[in-house]
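Load the model in your viewer and keep the selection prompt at hand. The stops below are short.

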Amino acid sequence: MSEKNGTAQHAEGRSSSPARHTEDKIRQPSRAAPPASGTLWGRYAVGVFFSVIWSSAFIAGKVVVMEMGPFATLFYRFMLTVLVLLLFCGKRLLGPEGRQAMLPGLLLGLLNNVVYLGLSFSALRYLAASWVVIVVSCAPFMTMAMAALRGQESFDKRKLLGLTVAFAGVVIMVGITGLHASAGLGLGMAIAATLAFSAGAVLFRGKYDALSLLSLNFWMTLCGMLCFAPAAFMTPANPLHITWPALAALLWLVVVSLAGMALWLLLIRTQGPSMAASYNMLNPLSGLALSALLLGTAIGVQDVMGAAAIVAGLYVALRPGQAPKPT
């Protein structure tokens with residue numbers, strides 16, 4: 001009898017083992033699997049390409065903003081992007097795929113396109129651009145903290161060290177100037193914008209990363225268009241009355257909204273929130289390279305030192321960790 005009981009208990013233990021194993025996996029923080037060596041540089045390339053596309057928006061945006069103002073620029077950028085996305089999405093927006101992405105897209109659009117961009121642009125009125133860049137570059141730290149609190153990622157000392165070195169490189173490149181006694185409001189806006197950006201990344205990875213990126217981008221963009229419409233209509237700006245360079249820059253911003261946002265969501269889905277946010281530290285370097293290429297901006301020793309620190313820090317933060325040796 002005891003032998004039968006022992007055999008039954010052993011069989012029960014074997015049958016429940018997969019269930020316990022699955023339950024343990026669910027309880028563990030969800031982490032992206034380390035990439036194979038053959039795909040590592042491909043993952044880096046996607047991040048660098050995202051940074052180049054994203055950084056180009058600052059150059060193009062400056063041209064348009066000088067003629068149309070910040071909120072009118074954002075409204076027409078999102079309006080044109082919505083029209084393009086309508087052509088790509090078509091009837092799918094009315095189907096289950098589009099309806100499922102509607103509420104998440106509106107929420108993420110509020111965080112990324114309205115709060116983040118709106119407050120970032122507004123902060124520039126009270127704060128030097130260098131300070132806005134520095135505060136926004138804190139996004140990886142905020143994202144890593146939020147992701148750890150939600151159990152999506154573990155706190156990684158190596159990643160923290162790498163991000164700190166890269167952040168120091170950003171500070172070296174852009175410098176710390178223009179902070180005055182009345183800059184508190186601008187700092188508050190920039191910090192709130194960065195928190196919204198990080199919250200959007202963590203929220204997408206935690207709940208919505210299985211949704212269609214195309215449908216999600218449509219609803220995010222529509223949210224931005226609707227929210228900036230009142231401010232745009234209160235200004236006399238008209239895209240038909242701007243210069244040809246500004247019109248070309250506005251059309252490029254549409255490309256950034258399409259390709260840049262798709263790459264951003266793809267990075268979060270494949271590499272995790274904090275890893276994706278880390279590539280934003282390349283933006284000063286990408287922006288400098290584009291400015292030198294397109295505008296003839298000179299590159300100094302300070303820029304080279306900052307760029308070297310950014311690349312070194314990101315390599316430490318983004319490279320896959322050593323797998324523990326079996327005992």
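The tour goes from the overall fold to one helix, its cysteines, a charged pair and a surface patch.

**Whole chain**

Keep in mind throughout that this is a predicted model. Select the protein chain and colour it by secondary structure: 13 helices and zero strands appear. Read from the N terminus, every element in the run α-α-α-α-α-α-α-α-α-α-α-α-α is a helix. Next, colour by relative accessibility; of the 327 residues in the chain, 45% are buried.

**Helix 9**

Select residues 213-233, which form helix 9. How far apart are the end C-alpha atoms of helix 9? They are 30 Å apart, and this agrees with the expected span because 21 residues at 1.5 Å a residue should also cover 30 Å. The expected span counts one less than the number of residues.

Now centre on Cys227, where helix 9 has a kink of about 30 degrees. Show Pro230 as well; the kink comes shortly before this proline.

**Cysteines**

Stay in this region and display the cysteine sulfurs. A search of the whole structure for disulfides finds zero. Cys223 is in no disulfide, and its nearest cysteine sulfur, on Cys227, lies 4.2 Å away. A disulfide needs the two sulfur atoms within 2.5 Å, so this pair does not count as one. Cys223 has 8% relative accessibility and therefore counts as buried. For another cysteine, move to Cys138, which is partly exposed with a relative accessible area of 22%.

**The salt bridge**

Select Arg205 and Asp209 and show their side chains. They meet in a salt bridge, with 3.7 Å from N to O. How many salt bridges does a search of the whole structure find? It finds one. Side chains of opposite charge can pair when their charged atoms come close.

Are the two partners buried or exposed? Arg205 is at 13% relative accessibility, so it counts as buried. Asp209, at 22%, counts as partly exposed. The cut-off for buried is under 20%.

**A nonpolar patch**

Last, select Ile172, Val301 and Met305 and turn on the surface. Together these residues make a nonpolar surface patch of about 290 Å². Met305 sits in helix 13, which covers residues 301-318. With 51% relative accessibility, Met305 counts as exposed, because the threshold for that class is over 50%. For the spacing of residues along a helix, recall that an α-helix has 3.6 residues a turn, so residues three or four places apart point the same way.

Key:
Residues are numbered from 1 along each chain as its sequence is written. This is a predicted model: local features need pLDDT of at least 70, side-chain atom pairs count only at pLDDT 80 or more; totals for chains, interfaces and linings use all residues. Side-chain values use heavy atoms; hydrogens and water are left out. Patches are made of residues with over 30% relative accessible area and no salt bridge: like charges are joined within 9 Å, nonpolar side chains (Val, Leu, Ile, Met, Phe, Trp, Tyr) within 5 Å. Accessible areas come from the Shrake-Rupley method with a 1.4 Å probe; for residues, only the protein chains shown count as cover. A salt bridge is a side-chain nitrogen of Lys or Arg within 4 Å of a carboxyl oxygen of Asp or Glu. Helices (H or I, at least four residues) and strands (E, at least two) are DSSP runs, numbered from the N terminus. Buried means under 20% relative accessible area, exposed over 50%, partly exposed in between (1.4 Å probe, protein chains only). The bend at a residue is the angle between axes fitted to the seven residues ending there and the seven starting there.
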